[in-house]
Amino acid sequence: MFENLTGRLGDVFSKLTGRGALSEKDVDEAMREVRRALLEADVALPVVKSFIDKVKTRAIGHEVVKSVSPGQQVIKIVHDELVEMLGGASSPDEPVISLQAVRPVPIMMVGLQGSGKTTSTAKIARRLAEREKVKVLMASLDTRRPAAQEQLRVLGEQTGIATLPIVAGQNPVQIARRAIEAGRLGGYDVVMLDTAGRTHIDEALMAEMAEVRDVTNPHEILLVTDSLTGQDAVNVARQFKERIDVTGIILTRVDGDGRGGAALSMRAVTGVPIKLLGTGEKLDALEDFRAERVAGRILGMGDVVSLVERAAETIDAEKANRIAKKMKKGEFDLDDLSEQLSQMARMGGIKGVMSMLPGIAKAQKQMADANLDDKVIKRQTAIISSMTKIERRNPKILDARRKRRIAAGSGTEVSEINKLLKMHRQMADVLKMMGKGGRGGLAGMLGKMVGMGGGGMPEMPAGMPGDPKALQDMMKSAGGFPGLGGPGKPGGLPGLPKGFPGGLPGLPSKKK
Amino acid sequence: MTENPSKAVWRPESMTQLKEGNDVSAESEEDAPKKKSLFQRMKDGLSRSTRTITDGITGIFTRKKLDQETLDELEDLLIQADLGVDVAADITRTLKRDRFDKEISDEEVKSFLAGEIAKILKPVEKPFAPDPAHRPFVTLVVGVNGSGKTTTIGKLAKALKAEGKSVLLAAGDTFRAAAIDQLKVWGERIGAPVVSTRVGGDAAGLAYEAVERGRAENHDVVLIDTAGRLQNKTDLMAELEKVLRVIRKLDPTAPHATLLVLDATTGQNALNQVEIFGKIAGVTGLVMTKLDGTARGGILVAIAKRFAMPVHMIGVGEGADDLQVFDAEAFSRAITGAR
Ligand SMILES: Nc1nc2c(ncn2[C@@H]2O[C@H](COP(=O)(O)OP(=O)(O)OP(=O)(O)O)[C@@H](O)[C@H]2O)c(=O)[nH]1
Ligand SMILES: [Mg+2]
């Protein structure tokens, strides 16, 4: 959902990072861009305004001026404010849906037409039945939309959740009473009430909804909203909240390519927590909402700061410098590759590293598409460790017989060894070229690996490394890590503390 | 409205009521005591929906010089109507160019805004007009989940029937639970036959069958419902392509219209919807639903600017009669609250 917003903010931040000092004007400019990015993501205007104000005040104040890498600091402030706006850090132990009430616990679902109430009802019922091992009864109070009650009945069959028998001619309030009664008599723990969609200005329907609430006294009232909603999202949330004290928000169609601004707005405006995300049409496509995770996704970063910390912990600076020197001379052997791979593994594997870099959601997606995971790293490391010292220094001597031996030793296939060698060759070429002053770094390496990972990306043409344009394209397709030093900018991970040898060690940056 | 008498242009009864002062036909007069005129309902809905923007404008402009601050606030109001950052900036810029530093009243601002918006929307205002040369006139209805496809089909079928056309409905959503039943209820409600298959059945095959039956039974129009799908789901979009391919086996010119149903509450993502459904399903026109809520549907302005995609009708409620021909001027006035 948040990919687009991520991309936009990534661009903004790449301009900020890699700078020594930030003036008020720099911050202002960046914030104008952030404002625009947020608005294009459908974040409600009043929310955008207060957000920008907060970030600006903090960014122009002490915090940034005193820090070593101001650009990074601004990103961190934006991140913190996003988390705050989304509802603050949450504890994973806290139950998303509370069942601390007299049985049967009524849960009422409300929202606009077509927002996804019925599907969400079935998803939540299924999850409660599975995770909490409770007995759930679902009832559709939607007497308006043709076949709505039938829809819930079918979903009940599909999930194995009981549904209240349909009685023609009853009105929603009558059905609600019957549902609670049936819940009590049938020994159910939870009764889920799916209501008809309604616009918040339809007075008759809003009154009916309030009446249903009054006769059932729901423990949770969940407002289901479409994450593709525009500026109106806040009106909807506010009005429903005012009318019947909504206890939580469910955000649906998060698997769309919307920018998810509604998520940012509704919590901020109503104070009602977002509880769950609907991530697909399948009935198990339901996820807990965690503010930090979403803020991270929006910025395309888990936490840059923690990446920096972790990198500092795990990387042996001396070794790194040694590799960097060798690389610049164009000597990059398989031992060095192995060292790079294990470094990556130490930092939490590909995903770990990727998730911590800003602005690389696209690369992540490509990697997911390519089925690239840490198993590849493990297997590649295994291959290299099955080689002799001499082979690692000079891979050229690897003939068919040696390859077969290595394959047997590492439990892999000769074809994988060939791929690895090809990757190494290409990397070495690229690195040699970069030694002459190109751009790249980890991005290039990941690009290679994605290329290997299983066809997600086009195979690199053989003559590629000689062609700077092709190289740049490759870097771009690998996600174009902002701050990974384009021409004229210092390389390395964005905002890595100064004195860090050229970003990730061994991954050379432009020569100063 | 551009009237072209030589061509059979579909014009639902409701349209006549849209324009104030027009004679209300005898037929709808019987409804009159029961409910408000459709024009009134649309106006209610839209004006309620635009109250903020209207109030905003009124608040800002009590006859004073047009300054930058005012322009900024105006731009904000347009953004809040979902027109998008660029369109909002464009319109404000024009206002600035023409009126900066001049005395201006709120009424003038409103009509200026309405005028600018209408300029953008007028070229895309095109009534839905099944061409009698194609018989049956095959119409595919597509869109994201819950946008209002099935309901729109029900309403549209009713309007077409009222014009004396025979309509066949096809329950092409074989995926969502009870979607087939939903369309069947609409079929009964308005008296139109429905072609259907079992749940989980082949949607493309069903569409094929519908076109075949439309021919055999000599229907004027076949309206094919499809399962809701998010435009970024490539597999589901490929299925939609398959529906088109299969229909074309029977009639290479079909579908003769592909309607994309947009929910007025949708924000900037509607641009993506138009782009991708347009590319893959060859959308020929738009329907915007749920304008009876508070959403202003301003994204339609951005869509018109970027894609110049025809807009046929708007949905203003859940009832069978809650469909109206899209009227660029009325829509623009309703957005801005201009008289
Ligand atoms: N208020 C209002 N509700 C509408 C309008 N059009 C459709 N709806 C409602 O929106 C909901 C979804 O409409 P459907 O017609 O089922 O939408 P769909 O696109 O067919 O949905 P799926 O097939 O599930 O993708 C229903 O509750 C409709 O009654 C409208 O113009 N105004
Ligand atoms: Mg439908």
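# Reading helix packing, burial and a shared ligand site

Tutor: Let us start from a helix contact in this predicted model. Residues E24(A), V27(A), M31(A), V34(A), R35(A), L38(A) and L39(A) of α2(A) meet L45(A), V48(A), I52(A), V55(A), K56(A), A59(A) and I60(A) of α3(A). By class, this contact between α2(A) and α3(A) holds 11 nonpolar, no polar and 3 charged residues.

Student: By what two quantities are two packed helices described?

Tutor: The description uses the angle between their axes and the distance between the axes. In chain A, α2(A) packs against helix α3 (residues 45-60) at an angle of about 155°, and the two axes are 10 Å apart. The pair α2(A) and α3(A) is therefore roughly antiparallel, since angles over 145 degrees fall in that class. Their crossing is right-handed.

Student: At what angle do α10 and α11 of chain B pack?

Tutor: Helix α10 (residues 203-216) and helix α11 (residues 234-250) of chain B pack at about 30°, with axes 8 Å apart. An angle under 35 degrees counts as roughly parallel, so α10(B) and α11(B) are roughly parallel to each other. The crossing of α10(B) past α11(B) is right-handed.

Student: Which residues make the contact between α10(B) and α11(B)?

Tutor: It helps to recall that an α-helix has 3.6 residues a turn, so residues three or four places apart point the same way. On the α10(B) side the contact is made by A203(B), A204(B), A207(B), Y208(B), V211(B) and E212(B), and on the α11(B) side by E239(B), K242(B), V243(B), V246(B), I247(B) and L250(B). These residues divide into 9 nonpolar, no polar and 3 charged.

Student: Which residues of α13 in chain B are buried?

Tutor: Burial is read from the number of C-beta atoms around a residue, with 20 or more others within 10 Å as the cut-off. In helix α13 (residues 299-307) of chain B, the buried residues are I299(B), L300(B), V301(B), A302(B), I303(B) and A304(B). Their cover includes α6 (85-99), α7 (106-121), α12 (269-281), β8 (285-289) and β9 (311-315) of chain B. Just after α13(B), A308(B) adopts a positive phi of about 50°.

Student: Is V167(A) buried or exposed?

Tutor: V167(A) is exposed, because 10 other C-beta atoms lie within 10 Å. V167(A) sits in the loop between β3 (162-163) and α8 (172-185) of chain A. Its C-alpha atom is 53 Å from that of V78(A), and the two residues are 89 apart along the chain. For chain A as a whole, buried residues make up 53% of the 512 residues.

Student: How many residues of each chain are in contact across the interface of chains A and B?

Tutor: The size of an interface is often given as the accessible area lost when the parts come together; here the reading is by residue contacts. In these terms, 32 residues of chain A are in contact with 32 residues of chain B. On the chain A side, the elements giving two or more residues are α2 (24-40) and α7 (148-159), and α7(A) gives the most, with 4 residues. That side has 9 nonpolar, 13 polar and 10 charged residues.

Student: Why is the site of ligand 1 said to be shared between chains?

Tutor: Residues from both chains A and B surround ligand 1, so the site is shared between them. Of its 27 surrounding residues, Q113(A), G148(B), T151(B), G228(B) and G315(B) come nearest. Helix α8 (residues 149-162) of chain B gives the most to this shell, with 3 residues. By class, the shell around ligand 1 has 3 nonpolar, 16 polar and 8 charged residues.

Methods: Residues numbered from 1 in each chain as written. Chains lettered and ligands numbered in written order. Predicted model: local features only at pLDDT ≥ 70, side-chain atom pairs only at ≥ 80, totals over all residues. Near = placed C-beta within 6 Å. Nonpolar A, V, L, I, M, F, W, Y, C, P; charged D, E, K, R; others polar. Contact = placed C-beta atoms within 7 Å. Buried ≥ 20, exposed ≤ 12 C-beta atoms within 10 Å, placed from the backbone. Axes fitted to C-alpha atoms, helices over the stretch in contact; angles between N-to-C directions. Parallel < 35°, antiparallel > 145°, perpendicular 65-115°, else oblique. Left-handed = near helix turned anticlockwise from the far one by under 90°.
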